[in-house]
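Colleague: I have a few minutes before my next run, so could we go through this model together? Please put it up and I will ask as we go.

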Amino acid sequence: MLPGDVGGTGRCSDPGQIRSWFREYNCWMGHHYIPQYYLHGFCMDERLWVFDREKRSQFRTQPKSVANETGMYTEQLENWLNEHIELPAQEALGRVRKRQPLRQVDRERLSEYVVMLWKRVPRGRTRVTEHLPSAAVVARESIRRKLAVDPSLASEVRGDARDAMSVVDALIAMYVQNPPDDIWHRTLAEGPGARMVGAMLSMKWEFLVDESGSYFTSDNPLFYFEEIGVGNRNSELSIPLAMDVTLFATWDGPQAPAYREATPRMIRQLNARTVSRSQRFVFARSVESWTLPFVWRARHEVAPLRGIA
């Protein structure tokens, strides 16, 4: 029996003990950038298929063994993600997977979960570092203005300013070429952000159901057309929430979240979105005759889902 076990059931009543196990488990397994509870929605017999598009290989395993990276977050950040994002959203995810109506609190927690999933994955880290060069230009100019000195001042003073600017340039170059993770961690610690969560909550939600359970997910599961964002009247947002249900959000859908059956063309398009946005890994319940050619395809055409029958 585990310490704190309730009647030998495997459930612990001590929150401190739970957090301790959580920390020890993550030190051993690595930090999950895709939560295990989410991945369990794509399992058959507690296992799912993993497709490595970089190595063109596939294998079957448990959620605890994939979508994780050692030292990806600090322990404090990992605990915060678990306690404030993952656990609060589990009930909402469970309701979606059971085709139950969503309450307002469910929509709020699910919106926060989806936004943080977009931010916390490897692609989210890359997205932050891609913005560093432009941010560095702004920072350098701001520092240069502060270090600017009157040309009439002594040459020693002007030389000190030039030396200081050289140090600034070296530091900025170092950060741009080898950005430390704490820059990305700070963006995660800021949380999902009211603006992005508000945009999701303002959109009209539908849940597209595939009773055959053929939806994929990936290491970067949220899709939207990056060239138009999510605030445009033509914007579409989609994310698979289980092997048999995908959230589809637009600005002109039904007034209340609704469940409806997805057509085969819709399912293909949603899976094309998932594969095309994956960084490296795609996950699925099973391998069918069409799966590998679809996953290994170098390029998928993605199109607006509205109008597809």
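Colleague: Which element gives the largest share of the lining of the second largest pocket?

Modeller: Bear in mind throughout that this is a predicted model. In the second largest pocket, the largest share of the lining comes from H9, which contributes four residues. Helix H9 covers 194–202, and H4 is the other element that gives two or more residues to this lining.

Colleague: What is the volume of that second largest pocket, and which residues line it?

Modeller: The volume of the second largest pocket is about 270 Å³. Its lining is made up of Val115, Trp118, Arg195, Met196, Ala199, Met200, Leu222, Tyr224, Gly229, Val230, Gly231 and Leu237. By residue class, that lining divides into nine nonpolar, two polar and one charged.

Colleague: And how many cavities of 30 Å³ or more does the structure hold?

Modeller: There is one cavity of 30 Å³ or more, and the space in the largest cavity comes to about 40 Å³. The residues around the largest cavity are Trp118, Arg127, Asn220, Leu222, Phe223, Tyr224, Glu226 and Arg277, and they split into four nonpolar, one polar and three charged. Trp118, Leu222 and Tyr224 appear both in the lining of this cavity and in the lining of the second largest pocket.

Colleague: Arg127 caught my eye there; which residues of its helix, H5, are buried?

Modeller: In helix H5, which spans residues 122–130, the buried residues are Pro122, Arg123, Gly124, Arg125 and Arg127. These buried residues pack against strand E4 (68–69), helix H4 (104–120) and helix H8 (181–189).

Colleague: Let me switch to another arginine. Is Arg273 buried or exposed?

Modeller: Arg273 counts as buried, because its relative accessibility is 1%, and the cut-off for buried is under 20%. Arg273 sits in helix H10, residues 264–277. Setting aside residues up to four places away in sequence, Arg273 touches Phe223, Phe225, Glu236, Ser238, Phe248, Val302, Ala303, Pro304 and Leu305.

Colleague: What about Arg95, where is it placed and what does it contact?

Modeller: Arg95 belongs to helix H3, residues 75–97, and it too is buried, with a relative accessible area of 18%. Apart from neighbours within four places in sequence, Arg95 is in contact with Gln100, Pro101, Leu102, Arg103, Asp106 and Tyr259.

Colleague: Now an acidic one: why does Glu206 count as buried?

Modeller: Glu206 counts as buried because its relative accessible area is 12%, and anything under 20% falls in that class. Glu206 lies in strand E5, residues 204–209.

Colleague: So what does the side chain of Glu206 join in a polar contact, and which residues does Glu206 touch?

Modeller: The side chains of Glu206 and Arg260 are joined by a polar contact of 2.5 Å. Arg260 is also one of the residues that Glu206 touches, along with Thr246, Leu247, Phe248, Pro254 and Ala258, when residues up to four places away in sequence are not counted. As for Pro257, it is 51 residues from Glu206 in sequence, yet their C-alpha atoms are 5.2 Å apart in space.

Colleague: Going on to the sheets, what is the strand order in the open sheet of four strands?

Modeller: The order is E3-E2-E11-E6, with antiparallel pairing. E3 and strand E6 (217–218) form the edges, each pairing on one side only.

Colleague: How many bridges join E2 to E3, and how many join E2 to E11?

Modeller: Strand E2 (residues 48–52) is joined to strand E3 (residues 57–61) by five bridges, whereas its antiparallel pairing with strand E11 (residues 281–284) runs over four bridges. Phe51 stands opposite Gln58 in E3, and Asp52 has Phe281 as its bridge partner in E11. Four residues lie between the strands in the hairpin of E2 and E3, where Arg56 takes a positive phi near 50 degrees.

Colleague: Last one, for my notes: how many helices and strands are there, and what share of the residues is buried?

Modeller: The protein has eleven helices and eleven strands, and 43% of its 309 residues count as buried. Among the contacts with a separation of 6 or more, 75% are between residues 24 or more positions apart.

Notes: Residues numbered from 1 in each chain as written. Predicted model: local features only at pLDDT ≥ 70, side-chain atom pairs only at ≥ 80, totals over all residues. Heavy atoms only, no water. Buried < 20%, exposed > 50% of the residue type's maximum accessible area, 1.4 Å probe, protein only. Contact = heavy atoms within 4.5 Å. Polar contact = N/O pair within 3.5 Å; in protein donor to acceptor, adjacent residues only side chain to side chain. 1 Å grid on protein atoms, 1.4 Å probe; cavity = no way out; pocket = protein on both sides within 12 Å on 5 of 7 lines; lining within 4 Å. Points joined across faces, edges and corners; volume = space filled by probe spheres on them. Nonpolar A, V, L, I, M, F, W, Y, C, P; charged D, E, K, R; others polar. Pairing = 2+ DSSP bridges.
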